Amino acid sequence: ALATIKSPETNDNSYDVSISCIPDAVVLQNPYFKCTPELSPPNYITEGLPPFITFLGDEDPAITVAEMIAFHDAIKQAGNASELYIGKGGKHGFCNGRNSNNPFFYWSLELVDQFLVNHGILPGESIVERPAGVKQLQTGDYDVYR
């Protein structure tokens, strides 16, 4: 929400409002937008948002693929950068690293690293190390929207 809601009433005098709370980039993993409308990011898509990269499992019970494609498309239509990756067979939290053999974790980490380099936020080559024996995902394991 910090990346999208720019309304003056979201700040008060207890903070130095000359310091922007808007991030340089947004990384979303299994985002959940089912909240009050005044806090829901899809309701605040405008031109000038930071670049977004989003990951969703196609079996996530919390948010549908259609909802995330609509969010991604709205970001793009407003003239912003967005990448959306849908992991086939992924449920909610499918990209987490609790399981050191989770191929979706390393896949998403590598994509986020590339994304941040491409947008000038991180310098240099990726230093993500995939443990031996962890499957390298193939294009059939996920869908990409850019």
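D141 is buried in this predicted model, its relative accessible area being 18%, and because the cut-off for a buried residue is under 20%, D141 falls on the buried side of that limit. The carboxylate of D141 takes part in a salt bridge with K135, where the closest N and O atoms are 3.3 Å apart, and K135, in contrast to its partner, is partly exposed at a relative accessible area of 45%. Side chains of opposite charge can pair when their charged atoms come close. The structure holds five salt bridges, and two others lead towards the sheet and its loops.

One of these joins D143 and K88, whose side chains meet at 3.5 Å, N to O. D143 lies in strand β4 whereas K88 lies in the loop between β3 and α2, so the pair ties together parts of the chain that are 55 residues apart in sequence. D143 is partly exposed, with a relative accessibility of 29%, and K88 is likewise partly exposed, with a relative accessible area of 38%. The other salt bridge is formed by E59 and K91, with 2.7 Å between the closest N and O atoms. This pair, too, links distant parts of the chain, for E59 sits in the loop between β2 and α1 and K91 in the loop between β3 and α2, 32 residues apart. Both E59, at 41% relative accessible area, and K91, at 48%, are partly exposed.

From these loops one can turn to the strands themselves. Strands of a sheet pair through backbone hydrogen bonds, either parallel or antiparallel. Here four strands make an open sheet in the order β1-β2-β3-β4, and the pairing is mixed. The strands at the edges are β1 and β4 (142–145), each of which pairs on one side only, and neighbouring strands of the sheet are turned against each other by 10° on average, direction ignored.

Following the sheet across, strand β1 (residues 26–29) pairs with β2 in the parallel sense over four bridges, and Q29 stands opposite F55 of β2. Strand β2 in turn runs parallel to strand β3 (residues 82–87), to which six bridges join it, with I86 in β3 as the bridge partner of L56. Between β2 and β3 the chain passes through helix α1 (residues 65–77), and this β-α-β crossover is right-handed. The pairing of β3 with β4 is antiparallel and extends over four bridges, and G87 there stands opposite Y142 in β4. Helix α1 packs on the sheet and touches β1, β2, β3 and β4, its direction making about 165° with that of β3. Helix α2 (residues 103–118) also lies across β1, β2, β3 and β4, and runs at about 165° to β2.

How many of the residues of strand β2 are buried? In this strand, which spans residues 52–57, six of its six residues are buried, and both faces are covered, with F52, T54 and L56 on one side and I53, F55 and G57 on the other. T54, which lies in strand β2, serves as an example, for its relative accessible area is 2% and it is therefore buried. Leaving aside neighbours within four places in sequence, T54 is in contact with L28, P31, M68, E83, L84 and Y85.

The aromatic side chains add a further layer to this picture. A search of the whole structure finds 10 aromatic pairs, among them F104 and W107, which meet edge-to-face at 5.5 Å centre to centre with 80° between the planes. F104 and W107 both lie in helix α2, three residues apart, which is about one turn of the helix, and both F104, at 13% relative accessible area, and W107, at 5%, are buried. F105 and Y106 form another edge-to-face pair, 4.9 Å centre to centre and again with 80° between the planes. Of these two residues, F105 is partly exposed at 22% relative accessible area, whereas Y106 is buried at 9%. F104 and W107 also belong to one aromatic cluster together with F55, Y85, F94 and Y142, and F55 in this cluster is the residue that stands opposite Q29 in the pairing of β1 with β2.

Key:
Residues are numbered from 1 along each chain as its sequence is written. This is a predicted model: local features need pLDDT of at least 70, side-chain atom pairs count only at pLDDT 80 or more; totals for chains, interfaces and linings use all residues. Side-chain values use heavy atoms; hydrogens and water are left out. Buried means under 20% relative accessible area, exposed over 50%, partly exposed in between (1.4 Å probe, protein chains only). Helices (H or I, at least four residues) and strands (E, at least two) are DSSP runs, numbered from the N terminus. Two strands pair if DSSP finds at least two bridges between them. A crossover is right-handed if, with the strands pointing away from the viewer, the path from the first strand over the helix to the second runs clockwise. Axes are lines fitted to C-alpha atoms, for helices over the stretch in contact, and angles run from 0 to 180 degrees between N-to-C directions. Contact means heavy atoms within 4.5 Å. Rings of Phe, Tyr and Trp (its six-membered ring) pair if their centres lie within 6.5 Å; planes under 30 degrees apart count as stacked, over 60 as edge-to-face and the rest as tilted. A salt bridge is a side-chain nitrogen of Lys or Arg within 4 Å of a carboxyl oxygen of Asp or Glu.
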